[in-house]
Amino acid sequence: MRRIASLEDPLATGDVVSVHLPLTERTRGMIGRAEPALMRPGAILLNTARGGIVDEQALTDALRDPARPPAAAAVDPFAHEHAAFASPLPGLPGALLTPHLAGTTRCAMAGAALRRADHIAALLADRPDGVPAATR
């Protein structure tokens, strides 16, 4: 894996930019008004991380401006979800939106259940090496 010094390089060179970050005070609004303008013409922005990392109004404005990239965006999480859902993105050409459950397929859920069962079996058999541990 190659470390990058700033967002400018992947935004300027990527055909697809996929966001994978936790939402923190540091990452909130990380993709704002300036970042879509740095993207290549025809590029696609994907956010499957957390709502709030991508400024939805800024993304909407960028998608509406034919002179600016990106060409399309796919968004799974939103800043305001469920009953409080509010986003300017629905109905916008070039915007693919899913209700923050795009990864909740039968196959994904079955795989997650099997992994959890394996972890429980490893714990019961006193095999801690069979259980993933969070590190900081």
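Helices here are DSSP runs of at least four residues, numbered from the N terminus. With that in mind, Asp 126 sits in the segment that follows α4, the helix spanning 106-124. The model is a predicted one, and three of its residues are worth a look in turn.

Asp 126 has a phi near 55 degrees, a positive value in a residue that isn't glycine. Most residues other than glycine have a negative phi. As for solvent, Asp 126 counts as exposed because its relative accessibility comes to 65%, and the cut-off for that class is over 50%.

Back in helix α4 itself is His 119. Its relative accessibility is 24%, so His 119 is classed as partly exposed. Leaving aside residues up to four places away in sequence, His 119 touches Gly 130, Val 131 and Pro 132. Phe 85 is another matter: 34 residues separate Phe 85 and His 119 along the chain, and their C-alpha atoms lie 36 Å apart.

Then there's Glu 35, which belongs to helix α2, made up of residues 34-38. Glu 35 counts as buried because its relative accessibility is just 18%, with buried meaning under 20%. What does the side chain of Glu 35 reach at 2.7 Å? The partner is the backbone nitrogen of Gly 32. Setting aside residues up to four places away in sequence, Glu 35 also touches Leu 7, Leu 11 and Met 30.

Taken by accessibility, then, Glu 35 is buried, His 119 is partly exposed and Asp 126 is exposed.

Conventions
Residues numbered from 1 in each chain as written. Predicted model: local features only at pLDDT ≥ 70, side-chain atom pairs only at ≥ 80, totals over all residues. Heavy atoms only, no water. Helix = DSSP H or I, 4+ residues; strand = E, 2+ residues; numbered from the N terminus. Buried < 20%, exposed > 50% of the residue type's maximum accessible area, 1.4 Å probe, protein only. Polar contact = N/O pair within 3.5 Å; in protein donor to acceptor, adjacent residues only side chain to side chain. Contact = heavy atoms within 4.5 Å.
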